[in-house]
Structure formats: C-alpha cells, structure tokens
There are 2 protein chains.
Amino acid sequence: MTRAAGIDVGGTKCLGVVIDLDADLQSGPGVLKQVREATPHASQLVDVLALLAGELGDTDSLGIGVPGLITLHGVMRASPNIAGSVDVAVGPELSHRLARRVYVDNDGNAAALAEWRYGAGRGAKNLWMVTLGTGIGGGQVLNGVVQRGVNGFAGEIGHMVVNPDGPRCTCGRKGCWEVYASGRGLGMLGSGEPGESIIERARHGEADAVTVLEAYARWVAIGLSNITNFSDPDVIVIGGGVSQAADIVLPMVQRWFVETLYSPEQRTHPELRAAQMGEIAGAIGAALLPHFSS
Amino acid sequence: MTRAAGIDVGGTKCLGVVIDLDADLQSGPGVLKQVREATPHASQLVDVLALLAGELGDTDSLGIGVPGLITLHGVMRASPNIAGSVDVAVGPELSHRLARRVYVDNDGNAAALAEWRYGAGRGAKNLWMVTLGTGIGGGQVLNGVVQRGVNGFAGEIGHMVVNPDGPRCTCGRKGCWEVYASGRGLGMLGSGEPGESIIERARHGEADAVTVLEAYARWVAIGLSNITNFSDPDVIVIGGGVSQAADIVLPMVQRWFVETLYSPEQRTHPELRAAQMGEIAGAIGAALLPHFSS
C-alpha cells in the first residue's frame, strides 16, 4: 500500500486526506483518513498545515493544493481568497518544519489530477479541467503529467482575454473569460439575479432565464473552444458550482461549442464532461501531485 | 552524419532540404542540399513530393510540413491556400509510393521546431512560435517535443476568439485573433492601407500610422498574453511578415503585453523574440519532425 497524503487549502477550510495509491482505480481513491481545520490568515497557514500533516500521520508522500499563483518552488505569490497571502513560502517552510519533501501546487492542477485519475477524465490523454466557481480555475494533465509551465503559472485560463473592451475583471484587466463564464459572470449576465435562481427558473422554462443561461453558455463555450484550438484535448472536465446544473447547462454549452470552434466538421471534438469528484477532488488531487508532476 | 530530409509545402512553392542532424548546433543546421518545385493542385501534390524526395536522394528520414489542418496520420483535412486540398492522404500515399516512413505535420509546428533547435528559441523549455503572416500559425515545443494534440490540431491559435462580436474571420466565426493580429489584420486596422506602408510611415513618426501600429500591437499582445496564461512558456518566437519590422513592432507589443498579462508583477515573463530562420524555417523544421515529435 502506498499512502499518499493531500491537503486542499480552500477559502474557508483546509481538508486533508490519506489515500491508497495502489487501490483499484475503478473503485476510486480509497480514502483512508480525512481531517479538516479552518483556513487561517496566511501568516498561520504553515502552522495549520503542519498540524494537519501530523494528524494525517506517517505517509509516503505529502502534496498541498493552494489557490492562486504558486511557483515551481511552492511559494504562494498571491491568492485572492486568503488574507495576507503575498509571497508565502508554503512549500519551503513546511518542508523545513516537517523535515520531509512537500509538493505544493495550484488547486486547479490538483483537481485536474483527481478527475483524470478517479473521476470524469479517466483514460484521457490530454485532459483540461475547468472549474467554473466564483472565479475560474484550470489545469491540464497531458500524458499523465500535470502541466505547470516554467514559473508554475500554466492553466490560468480564467484570465484569458475574450473581450478586451469588456467589463473590468477583479484582476484589473478587461474582458477576462472569468468576467463572463464564472458563477459571478452568470450573475452579471442575469443583471444581479443569483445564478441558482436563474438556473431554477430556466429549468421551469421561463424564457428570460433561458435567454440569460444561453448567453452564459455561449461565453463558456468560447473559452472551451479556445482551449481546444490551443491544445486539441480529448476531454474537458467542467467543475465548480455551475457543474451541479450540468444537466441543463452542458447541452447548451455543447451547442455553442460547435458554433465557436474552428473547423468543427474536420475533427473529433473533445468530450465535455461534468466533474464527478465533488468537493474532495482538491484534497485527493493534492495527494496525487507528488506522483504525477514533471 | 544523420541526413534528415524536409519539404515545406507553401502556397506557391515546395522547398526541400537535406540537413545534417549531427552538425554543431551553434553553426546552424548545415544545409547539404536544397531543391524546389511549384506547388501544384492538391491532386498532384503527392507526385510533386515524390519527385522532390527523389531529388533529395537517400536520407535517414523524411518530414513534410503542410499548411492547414493535418491529422496525426498525415491526412490534410483542409488547407486554405492549396486548391483542392480536402482530405488528401499525403502521408499514407507518399509513404506507400516511396516505401518508406514519412512524417507529415502542420507547417506551424515545423517552423516552431526550426526556431527551437537552430534559431531564436534555442534553449527554450516551453516555446511557442507564432507566425503573423496573411493568417496566424502556431506551434509549441515542450521539453523538446512538438505538441500535436489528440487529432493533430493543437496550436491553431489564430482562431482563438478574442472578440466574439468582432468582424468575421475567413473561417466563418467572428473576432478570431487572426482577424486583428495577422498581416491582414494590420491592413484592416489601417483602413486598407498596406501594412508595409503603415510600418514605413510609423518609422518616420507619422502620428496616425503610429496610432494604427499601437492598436495592432495591442491585439498581438492580447493573444500572446492568452498563450502565456495557458502555457506559461519561457520563450515566444514571433515570425511571419510582421517580424521583419520587429525593431519597431516588438517594443510596442512588449509594452502592451505587460498591460494585458495576468499578474505581470508576480512572474518572470516569457521572452518575446523575433524569428531568425527566415523562409527556410519551414523546410528545416520539416526535416526535424520525425526526430522531435511524440
């Protein structure tokens, strides 16, 4: 048995798991242990992670998934949802404290690994995972290896510009994909009505809500088409809050995808699939990081 | 000596070379032979390629670079600049005719390999090559391997949508990057004035020409930022007609790049470099295809 520990640092809580890497892939990750703590101010983050690592006990590896921009050396350059998170050397400090190797990467990359190995992306050679949450996260698993880029910042697809004169993004630029295709974007397209309400009303066939959801699906599709033009993947897994309404949203996205993709009739399209791993994806993916990163 | 033959199929001519793969990298590809023929109608393409391969003689490998969408099996699905080019099985037919293995890939991928090995991209771990010609071609060399995607269509970055309600692209969709950032795009932004003339007048400091060129540079930068958000490369090589005015255009692009990139202050930026290999890049890159493809 290979015991792999993973901790997912979220905006409100840190979730830790130990999985058995040798467990049968079909039956899932085999979660051996699960622990959690509230996410502290960034200045206490290493303390809390050390505590959780202690609770997870003696394992063969330890991976941490953190939101935001994480360097190849495990330094958190900036994380919008964690107070005080500018240049926190999570990896080096925790590694020193625990006297063991610690892998730290972006939570989007971790989630991509979890879906690739145990979830909606099983068997994919070139998988993109797109998380449509409050913002948009992303990650690519190519030939079984998560892609980090030369700084560690690959997969920041939420900030691809899709309309340079569009509304301003939280990042300061204009018309990032996340302005339109995140949960926040759905609310904006619906003139402030909460996304859940728009989806619920669209389910009941209310025409104005369907119109808003179609507009949203078009923006989602534009980004997925761009990913496909770049990378030509076989599978794109869609996660985040919106994926819980996959039954109504995904068919709309699929129709718009064909409209927005280059030469759609000349190629096999990537399969668009809803994420399957739920909230635990981040922690399980974090446990996979040390084993499937280049 | 490893004799690698490559043929670049262009809109007007096919250029064939033999290079010595074992030649010193610093002194370039060591071109041993060079031949050319006019590009025929697609129905005669395999005949002309067989003729050129014969003229190139006995070599250790043969690679072909073709514009357009090329499948992993060497079938040209569609090529905008070659008459009759729908579903031409260039690779299989030529392979059969010559009774030897033939590698066929997109010319953008070939050019990327040439610049990575002998040109502006030497030493890059994660290189993107962007060719700003009549349209826009692209290719990525990651850890020494050209990236093809699951269909063979990776790197079709000219058709990333950057303004979904913008002018129509030749591909039928709206607001593709190529609408703005290709040579044709420069002409459009200059209200029909030829690109060379705009650049020439901007060199002389004529304010209206500088304004047009700045608008063009901004669109170029938006696409390069998107590439960086996706892949986090260390080098982006810019080729094509526009790169011949790199002295005036690149500094503008560089300034806009910082404006349009996500979190520019948090990372090492990719180096933006002008292509160095000139017109022979495609043929040399074609010769490299059999050796640096996955």
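1. In chain B of this predicted model, Ile70(B) has Met76(B) as its bridge partner in strand S6(B). The two strands concerned, S5(B) and S6 (residues 76-78) of chain B, run antiparallel and are joined by 2 bridges. They belong to an open sheet of 3 strands in chain B, whose order is S5-S6-S7 and whose pairing is antiparallel. Strand S5 (69-70) and strand S7 (86-88) of chain B each have a single partner strand and stand at the edges, so one side of each is left without a neighbour in the sheet.

2. Chain A offers a sheet with another kind of pairing to look at. This open sheet of 5 strands follows the order S11-S10-S9-S12-S13, and its pairing is mixed. At its edges lie strand S11 (145-146) and strand S13 (271-274) of chain A, each of which pairs on one side only. Strand S12 (residues 235-239) of chain A is joined to S13(A) over 4 bridges in the parallel sense, and within this pairing Val237(A) finds its bridge partner in S13(A) at Arg273(A). As a general matter, the strands of a sheet pair through backbone hydrogen bonds, in either a parallel or an antiparallel manner.

3. A helix should be read together with that sheet. Helix H3 (residues 107-118) of chain A lies across strand S9 (126-132), strand S10 (136-142), S11 and S12 of chain A, and H3 runs at about 50° to S10(A).

4. The division of the chain into domains puts these elements in context. Chain A is divided into domain 1, covering 3-111 + 279-291, and domain 2, covering 123-275. The centres of the two domains of chain A, taken over C-alpha atoms, are separated by 26 Å. Their contact takes 12 residues from domain 1 of chain A and 14 residues from domain 2 of chain A. On the domain 1 side, the elements that give two or more residues are strand S5 (69-70), strand S8 (103-106) and H3 of chain A, and the largest share, 4 residues, comes from H3(A). By class, this side of domain 1 of chain A has 6 nonpolar, 4 polar and 2 charged residues.

5. Which elements of chain A supply at least two residues each of the side that touches chain B? They are S6 and helix H7 (207-231) of chain A, with H7(A) giving the largest share, 6 residues. The contact as a whole takes 35 residues from chain A and 35 residues from chain B. On the side of chain A that touches chain B, the residues divide by class into 15 nonpolar, 13 polar and 7 charged.

6. The relation between the chains can be stated with some precision. A turn of 180°, with a shift of 0.0 Å along the axis, lays chain A on chain B with an RMSD of 0.0 Å, and that is the relation of a two-fold axis. Because 100% of the interface residues of chain A are also interface residues in chain B, the copies meet through the same surface.

7. A last point concerns confidence in the prediction. The model scores ipTM 0.95 and pTM 0.96; the mean pLDDT of chain A is 95, and 100% of its residues reach 70 or more. Among the elements of chain A, the lowest mean pLDDT, 86, belongs to strand S6 (residues 76-78), whereas S11(A) has the highest, 98. A reader should keep in mind that S6 of chain A is also one of the elements supplying at least two residues of the side that touches chain B.

Definitions and conventions: Residues numbered from 1 in each chain as written. Chains lettered and ligands numbered in written order. Predicted model: local features only at pLDDT ≥ 70, side-chain atom pairs only at ≥ 80, totals over all residues. Pairing = 2+ DSSP bridges. Contact = placed C-beta atoms within 7 Å. Axes fitted to C-alpha atoms, helices over the stretch in contact; angles between N-to-C directions. pLDDT = per-residue confidence, 0-100. Least-squares fit on C-alpha atoms with pLDDT ≥ 70 in both. Nonpolar A, V, L, I, M, F, W, Y, C, P; charged D, E, K, R; others polar. Domains from an automatic or database assignment.
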